[in-house]
Amino acid sequence: MYDIDTVRGDFPILSREVYGRPLVYLDNAATTQKPRPVVEAIEREYYSVNANVHRGVHYLSQQATELHEAARERVRAFIGARSAAEVIFTRGTTESLNLVAASFGEAFLHEGDEIILTVMEHHSDIVPWQLLRERRGVRLRVVPMTDDGTLDLDAYERLFTPRTRLVCCTHVSNVLGTVNPVRRMAGMAHAHGARFLVDAAQSAPHQRVDVERLGCDFLTFSGHKVYGPTGIGVLYGREELLDRMPPYQGGGEMIARVTFEHTTYERLPYKFEAGTPDYVGSHALAVALDYVEALGLDAIAAHEAALTRHALERLRAVPGLRVYGSAPERGPVIAFNVEGIHPLDLGTLLDRLGIAIRTGHHCAQPLMGRCGVEGMARASFALYNTEAEADALAEGIERVRRMF
Ligand code: C6P
């Protein structure tokens with residue numbers, strides 16, 4: 001187990017106050033705070049290396065390019081991809097998913113083809129497929145879940161038809177915390193000749209995501225949820241698929257040769273990276289991954305699991321509080337409502353106590369519908385949270401309850 005005080009010392013923002021109270025930051029599923037090495041890496045690169053990548057013959061450009069490509073290799077190792085050509089830098093999970101929808105859709109999907117999603121997908125893994133449905137006439141089918149927040153795998157199996165081409169599934173639900181059995185689900189998809197995409201936005205910060213072990217064809221995650229900067233994210237794709245997919249956007253970086261009559265494209269991964277990339281962000285993301293790996297993903301997972309157990313125990317003891325989702329395997333996310341209190345009021349009043357949680361539909365309105373609510377409150381934990389903070393949350397909720 002790592003030393004939590006030392007860890008917290010790496011995150012200056014955790015020692016600030018809001019409304020004169022110590023900050024209790026429990027909105028980590030939305031975005032995580034940044035450790036010093038990440039912020040310092042950004043400062044260092046802008047102050048001493050900054051130059052555009054892949055273009056210049058000059059020293060700084062070459063150095064910036066080396067950092068950017070080293071970051072790609074860092075990500076490759078982090079997700080266990082076979083080749084750095086399979087790692088595409090994007091703006092985040094949302095852009096990664098839109099890229100797959102546009103480009104895989106263009107290359108492989110035709111009218112009447114089917115895509116399977118799950119009822120617990122984030123809007124980022126729903127709307128791009130609906131846009132594709134409008135363009136291409138594909139059909140969307142949805143895996144239901146049982147009342148405890150577990151995907152119904154029998155129903156999943158029954159959704160496959162000879163027209164199923166792709167399955168897209170979140171690894172960990174950003175609302176229920178459910179860890180979905182994506183390895184098994186990928187195997188089932190492959191048995192039906194379909195491809196499998198894992199949205200790892202909520203898993204990459206908390207557990208090892210190894211693309212070979214998971215057996216997925218695509219995987220997406222966001223830098224800002226894994227202690228890196230905003231504006232950088234990753235799309236992993238199998239090389240043989242990416243090779244057959246057309247570019248997503250056109251511009252500099254992604255071309256081999258341009259004439260007005262005809263353009264040829266760069267090799268992977270550059271074919272999918274039009275324009276100046278966020279080379280400072282990629283380097284800072286690599287530093288964030290170094291940070292996480294230095295602490296150890298297993299140690300982080302153990303810390304967060306113990307914390308989530310403790311928080312669940314405390315929250316379940318609050319009268320009138322209902323936790324959504326009780327899947328046996330869960331990530332450090334707890335969504336709940338308290339009888340008689342609107343989640344927005346709860347969030348606003350907790351904020352006055354210095355406690356930051358998220359409230360609303362969590363960009364998962366179909367899931368809200370399945371749970372029969374408009375919105376929920378949600379606490380989500382990270383590697384720097386403590387049992388004392390979970391206690392502060394439970395006590396804060398009790399205090400708000402007494403006001404109603
Ligand atoms: N969920 C949350 O508070 P972006 O915004 O592109 O970095 O990530 C989108 C996204 C995709 N999939 C899942 C499972 C997610 O949880 C998210 C982001 C945040 O739950 C913001 S809505």
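**Where the two domains meet**

In this predicted model, 38 residues of domain 1 are in contact with 33 residues of domain 2, contact meaning heavy atoms within 4.5 Å. Domain 1 covers 4–30 + 296–401 and domain 2 covers 39–293, with bounds that come from an automatic or database domain assignment. Taken over C-alpha atoms, the domain centres are 28 Å apart. Residues are numbered from 1 along each chain as its sequence is written, and side-chain values use heavy atoms, without hydrogens or water. Local features need pLDDT of at least 70 and side-chain atom pairs pLDDT 80 or more, while totals for chains, interfaces and linings use all residues.

The two domains bury about 2700 Å² between them, with 58% of it on carbon and sulfur atoms; buried area is the accessible area (1.4 Å probe) that two parts lose on being put together, summed over both. Leu-297, Leu-367 and Arg-370 supply 25% of the area that domain 1 buries here, more than any other three residues.

Arg-370 also forms a salt bridge with Asp-147, their closest N and O atoms being 2.9 Å apart. The rule (a side-chain nitrogen of Lys or Arg within 4 Å of a carboxyl oxygen of Asp or Glu) finds one salt bridge across this interface.

Which elements of domain 1 each supply at least two residues of the side that touches domain 2? They are α11 (297–316), β14 (333–338), α13 (365–371) and β17 (376–380), where helices (H or I, at least four residues) and strands (E, at least two) are DSSP runs, numbered from the N terminus. The largest share, six residues, comes from α13.
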